[in-house]
Amino acid sequence: MAAMALQVVAGSGGGQLIPVVGPAAHRRARAAALRLPRAVASDAVGEEEGKVRLGGSDVAVTKLGIGAWSWGDTTYWNDSEWDDRRLKEAKAAFDTSIDNGMTFFDTAEVYGTALMGAVNSESLLGGFIKERQEKGQIDVAVATKFAALPWRFGRGSVLSALKKSLDRLGLSSVELYQLHWPGLWGNEGYLDGLADAYEQGLVKAVGVSNYNEKRLRDAHARLKKRGVPLASNQVNYSLIYRTPEINGVKAACDELGITLIAYSPIAQGVLSGKYTPENPPTGPRANTYTPEFLTKLQPLMNRIKEIGESHGKNPTQVSLNWLTCQGNVVPIPGAKNARQAKEFAGALGWSLTGEEVEELRSLAREIKGIKMPIEES
């Protein structure tokens with residue numbers, strides 16, 4: 001999901017770890033032999049029904065993932081509260097996602113921490129996986145993220161943070177480890193840390209988040225020198241926020257074989273049709289999605305509803321399907337409860353027509369969406 005609202009400055013310097021000697025495949029094999037119980041990922045890539053490969057990696061994930069930003073959060077979601085009811089709802093969202101074939105979950109070390117909430121999202125996800133595995137083996141792909149905090153220096157900080165994330169998740173490795181946002185400096189060391197983690201078998205694939213085209217190309221080139229594919233770039237992308245199409249990020253992802261993971265794919269709930277000028281969202285979202293904005297959005301929402309009715313789908317499902325129709329995109333809407341998770345599953349197994357895709361894009365051009373300055377840095 002999104003980077004923290006407060007831009008932070010990443011550092012550079014020492015604290016480097018020396019890479020383990022030997023072929024990468026042998027290192028990963030040795031690491032696998034020592035693994036703790038972990039989420040099981042499919043060995044198939046690309047062709048498996050309902051799954052797509054993340055970039056040039058060997059990791060296959062479901063065509064729609066689930067974002068866990070809201071789990072444990074009290075700064076942006078959950079009306080600044082986290083209680084047993086919300087915990088049970090998050091657990092139900094996880095179980096319903098699994099039951100409906102969505103087994104790719106995205107979290108981050110900063111979600112739900114003292115910086116952003118009450119309970120760490122990684123700990124919650126790890127607990128949900130463990131509880132579900134007690135009922136039988138499940139196929140889950142986990143993605144988490146490294147925060148480029150100002151006191152973190154060099155490649156060693158990436159491995160240190162990753163190991164703490166794995167402890168919270170209760171896993172010996174994750175399918176995808178991402179740099180949550182670019183630091184103003186020190187990014188080369190962070191990328192080296194990603195490659196170290198990949199070579200040591202702690203992650204199956206590596207990615208970045210909130211990277212503009214130049215940063216993306218630089219990251220791809222640096223990792224390629226280590227023989228490590230850059231699997232993904234996670235950015236804000238929705239029908240009403242199409243900056244990746246404009247700033248070259250989507251085209252670069254397609255050219256380089258990097259999967260675009262779309263966070264806020266229904267614009268933080270606004271494309272669900274739930275909100276109107278008379279009933280705007282509350283909390284921090286109210287600053288962006290004002291009654292004035294929602295008034296301008298109504299013609300697009302009306303057409304989304306009409307198209308949805310012709311397919312037996314609702315606006316949320318149409319908006320998510322629009323993204324999957326772009327190709328090389330994996331949306332990760334946030335599910336706070338079972339109802340939302342089941343609704344998201346309805347975006348799969350069908351497709352808008354080419355004419356409908358372009359009509360919605362044309363109508364959406366009239367809408368000014370939210371801005372993410374971090375993507376321009």
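Student: Among contacts in the protein between residues at least 6 apart in sequence, what share joins residues at least 24 apart?
Tutor: The share is 79%, where a contact means heavy atoms within 4.5 Å. This is a predicted model, in which local features need pLDDT of at least 70 and side-chain atom pairs count only at pLDDT 80 or more, while totals for chains, interfaces and linings use all residues. Residues are numbered from 1 along each chain as its sequence is written, and side-chain values use heavy atoms, without hydrogens and water.

Student: What makes a stretch a helix or a strand?
Tutor: Both are DSSP runs, numbered from the N terminus: H or I over at least four residues for a helix, E over at least two for a strand. The protein has 12 helices and 10 strands.

Student: Why is strand β8 called largely enclosed by the rest of the structure?
Tutor: Buried means under 20% relative accessible area (exposed is over 50%, partly exposed in between; 1.4 Å probe, protein chains only). In β8, residues 230–236, 7 of the 7 residues are buried, so the strand is largely enclosed. Across the protein, 57% of the 377 residues are buried.

Student: How do you know which strands pair with β8?
Tutor: Pairing requires at least two bridges found by DSSP. Strand β7 (residues 206–209) has 4 bridges to β8 and runs parallel to it; valine 206 has leucine 230 as its bridge partner. Strand β9 (residues 259–263) pairs with β8 over 5 bridges, also parallel, and serine 232 stands opposite threonine 259. Both counts therefore satisfy the definition.
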